[in-house]
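Notebook open, coffee poured. I'm going through this one feature by feature and jotting down what I look up.

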Amino acid sequence: MGEIDSKVKELAKKTIRNLICVSNSNKNKLVDLGFDTKKISVIPNAVNKDLFKPSDKTKSKAKLGYSERDFIVGFVGHFINRKGPNRIIAAIEKLNDPQIKLVCVGNGGELIPSLFTKVIEPKPNHMLPDIYNAFDVFVLPTLSEGHCNAIEEAKACAIPIISSLGTSVEEQVNENFSILVDPLDIDSIAKSIALLKKNEELLVSYTNYLKSSDSVFCISERSMKVRRVMESSITKS
């Protein structure tokens, strides 16, 4: 490990002109490894806003076999403990509400069997907006992230968020459209889902805020920022 640390420090001092991180938490980890903070640019992940955008929720629900009355909780990601889909299942089981359904898009692990869960294999980007727009709320009780693409995609589709305190997700959301909880607290996850199902006024206000705000980073903006960093590196050389 000492030899690896030595090589990382040498790399940090001599080889790298510029680094691009997707979040401040990632930047801080690099600084802790010895990289010069002046060489690090934070440029978050972004989405194609021409593709990911709000559409008719009733029609999107119908495409997945649900009715307008069903309250759809959505999850997109790997089915692993860090991401927390089984914590969502445990939370919904506590609520015991037949109107609440869960859609999990992904693979790579095992889910707790439940009658209210629909599993969808990973889809290409052009097929995801219809799925997101079927969600009433996007839930990600993650233990850690870099900068979560799925949260950005959900935001672009104007889907309110329930996610995790104490993670880089805090850089991606605010109180105008999200609820943050302890990702290991099943009761808190359950209460947040129940709150948004019961309080339609709050749910609508979250949705309307996302529709009217500019909280989503566009992929064309990201491309320009990355290009500027690359051009700066060439100039320095």
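Before anything else, a note on element names: helices and strands are DSSP runs, helices of H or I with at least four residues and strands of E with at least two, numbered from the N terminus. I also remind myself that this is a predicted model.

**Entry 1: positive phi**

With those names I can place alanine 158, which sits in the loop between α6 and β7. I looked up its phi and got a value near 65 degrees, positive in a residue other than glycine. Is alanine 158 buried or exposed? Alanine 158 counts as buried, at 3% relative accessibility.

I then pulled up asparagine 96, where phi is near 50 degrees, again a positive value in a residue other than glycine. Asparagine 96 belongs to the loop between α4 and β4 (100-105). At 66% relative accessibility, asparagine 96 counts as exposed.

**Entry 2: salt bridges**

How many salt bridges are there? I count nine, taking a Lys or Arg side-chain nitrogen within 4 Å of an Asp or Glu carboxyl oxygen. I looked into three of the pairs.

Lysine 61 and aspartate 136 form a salt bridge through their side chains, at 2.8 Å from N to O. Lysine 61 is in helix α3 (residues 57-63) and aspartate 136 in the loop between α5 (128-132) and β6 (137-139), so I'm looking at a link between distant parts of the chain, 75 residues apart. Both lysine 61 and aspartate 136 are buried.

Next I checked the side chains of lysine 63 and aspartate 130, which meet in a salt bridge at 2.7 Å, N to O. The pair ties together parts that are 67 residues apart in sequence, because lysine 63 lies in helix α3 and aspartate 130 in helix α5. Lysine 63 counts as exposed at 59% relative accessibility, while aspartate 130 is partly exposed, at 32%.

For my third pair I took glutamate 145 and arginine 82, whose side chains make a salt bridge at 3.5 Å, N to O. Glutamate 145 is in the loop between β6 and α6 (149-156) and arginine 82 in the loop between β3 (71-76) and α4 (85-95), so this bridge ties together parts that are 63 residues apart in sequence. I find glutamate 145 buried, with a relative accessible area of 12%, and arginine 82 partly exposed, with 33%. Through shared partners, salt bridges join Arg82, Lys83 and Glu145 into one network.

**Entry 3: pockets**

I started with the largest pocket, which holds about 370 Å³ of space. Its lining has 15 residues, and the closest to the centre are Lys57, Lys61, Asp136, Glu200 and Leu203. I recognise Lys61 and Asp136 from the salt bridge I noted above.

Which helix gives the most to this lining? That's α8, with six residues. Helices α3 and α8 (200-212) each supply at least two residues of the lining. By residue class, I get three nonpolar, three polar and nine charged.

The second largest pocket has about 280 Å³ of space. I count 16 lining residues here, with Val76, Gly77, Asn149, Ala150 and Glu153 nearest the centre. Helix α6 gives the most to this lining, with three residues. The lining divides into six nonpolar, six polar and four charged residues.

**Entry 4: cysteines**

I searched the whole structure for disulfides and found zero. Cysteine 148 is in no disulfide, and the nearest cysteine sulfur, that of cysteine 157, is 13 Å away. The cut-off for a disulfide is 2.5 Å between sulfur atoms, so a 13 Å separation doesn't qualify. Cysteine 148 is buried, with a relative accessible area of 4%. Cysteine 157 also counts as buried, at 2% relative accessibility.

**Entry 5: valine 173**

Where is valine 173? I find valine 173 in the loop between β7 (161-164) and β8 (178-181). Valine 173 counts as buried, at 10% relative accessibility. Leaving aside neighbours within four places in sequence, I list Ile151, Ile161, Ser178 and Leu180 as the contacts of valine 173. I also checked proline 160, 13 residues away along the chain: the C-alpha atoms of valine 173 and proline 160 are 9.7 Å apart.

Conventions: Residues are numbered from 1 along each chain as its sequence is written. This is a predicted model: local features need pLDDT of at least 70, side-chain atom pairs count only at pLDDT 80 or more; totals for chains, interfaces and linings use all residues. Side-chain values use heavy atoms; hydrogens and water are left out. Buried means under 20% relative accessible area, exposed over 50%, partly exposed in between (1.4 Å probe, protein chains only). On a 1 Å grid over the protein atoms alone, a cavity is a set of points where a 1.4 Å probe fits but cannot get out, and a pocket is an open set with protein on both sides within 12 Å along at least five of seven lines; lining residues have an atom within 4 Å of a point. Grid points are joined across faces, edges and corners, and a volume is the space filled by probe spheres set on the points. Ala, Val, Leu, Ile, Met, Phe, Trp, Tyr, Cys and Pro count as nonpolar, Asp, Glu, Lys and Arg as charged, and the others, Gly among them, as polar. Contact means heavy atoms within 4.5 Å.
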